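Biologist: I have a structure open here and would like to go through it with you. Could we begin with the cysteines and then turn to the strands?

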Amino acid sequence: MNNFTFSPVATIASCFKDKFTIPRQPGLVTAVTAEVVLLKPYATPEIVRGLEGYSHLWIIFAFHAIPLGQWRPTVRPPRLQGKQRLGVFATRSTHRPNPIGLSVVKLLDIQIRDGDVRLILEGCDLLDGTPVLDIKPYLPYADAISDARGGFATSIPDRRLRVEFSEQAAAECAVISQELSKDIALLIRQLLEMDPRPHYQMGKLGDRVYATQLYDFNLRWRYLQPEVVEVIELSSELPSKEF
């Protein structure tokens with residue numbers, strides 16, 4: 001049996017600086033944009049020739065932030081609230097024998113400038129710095145199967161929380177949105193309305209403040225009611241890693 005060694009062809013530049021709040025599947029948060037930054041010697045116009053004819057791409061990548069070798073044959077999918085164990089090959093768990101991921105994303109633009117080649121994507125679920133192993137075009141006639149079965153995940157998650165902004169957070173959103181030329185309030189709303197907490201923390205209220213880093217700011221929020229999230233602030237202070 002052959003052993004394989006792969007080198008990245010690109011890296012991901014995204015707003016997600018840590019794993020908390022990353023959507024659990026691609027395409028769920030349309031306000032997320034990211035860039036595939038091609039590496040030398042692959043950063044050439046020829047390698048992306050014809051890619052503009054496709055609306056979506058498959059991104060094959062490595063889960064670089066997952067400790068190697070720490071996988072189990074069964075996992076507890078968040079979609080099942082952690083109440084049931086399934087075989088790892090029946091899930092999209094990040095903890096796998098080979099830490100390889102696959103995401104289908106929308107291609108917004110191809111930017112080529114002075115030896116720098118970037119693919120601008122929408123709807124990514126990728127951590128900043130993710131190594132990209134390969135890029136393939138999405139083919140609707142082959143990749144979209146109308147009668148396919150989805151196991152335990154048959155539809156888009158329907159859990160939607162109401163996201164409210166404190167006066168301070170709303171003002172900070174306006175400033176950062178202008179600086180980045182992005183609708184930061186929409187991004188935050190789409191991320192938090194799906195409740196990114198681990199299953200064992202869902203439903204818990206109190207004074208606990210959650211935090212994560214998006215772009216170069218620290219997002220802080222809390223749960224006021226079972227279905228209501230309050231965004232407290234967007235600060236320059238880095239978040240604690242205790243979620």
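Modeller: Certainly. In this predicted model, Cys-173 is buried, with a relative accessible area of 4%.

Biologist: And Cys-124, buried or exposed?

Modeller: Cys-124 is buried, and its relative accessible area is 0%.

Biologist: How many disulfides are there?

Modeller: The count comes to zero disulfides. Cys-173 is in no disulfide, since the nearest cysteine sulfur, that of Cys-15, is 13 Å away.

Biologist: Why is there no bond for Cys-124?

Modeller: Its closest cysteine sulfur, in Cys-15, is 9.1 Å away, which is too far for a bond. The cut-off for a disulfide is a pair of cysteine sulfur atoms within 2.5 Å.

Biologist: Turning to the strands, what do they close into?

Modeller: Six strands close into a barrel, in the order S1-S2-S7-S6-S3-S8, with antiparallel pairing. From one strand to the next, the twist averages 45°.

Biologist: How many bridges join S1 to S2?

Modeller: Four bridges join S1 to S2, which covers residues 33-38. Within this antiparallel pair, Ala-13 stands opposite Glu-35 of S2.

Biologist: And how many join S1 to S8?

Modeller: Two bridges link S1, residues 10-13, to S8, residues 131-137, and these strands also run antiparallel. Ala-10 has Val-132 in S8 as its bridge partner, while Thr-11 stands opposite Pro-131.

Biologist: Which residues of S1 form the covered face?

Modeller: Ala-10 and Ile-12 form the covered face, whereas Thr-11 and Ala-13 form the uncovered one. In a regular strand the side chains alternate between the two faces of the sheet.

Definitions and conventions: Residues numbered from 1 in each chain as written. Predicted model: local features only at pLDDT ≥ 70, side-chain atom pairs only at ≥ 80, totals over all residues. Heavy atoms only, no water. Pairing = 2+ DSSP bridges. Axes fitted to C-alpha atoms, helices over the stretch in contact; angles between N-to-C directions. Buried < 20%, exposed > 50% of the residue type's maximum accessible area, 1.4 Å probe, protein only.
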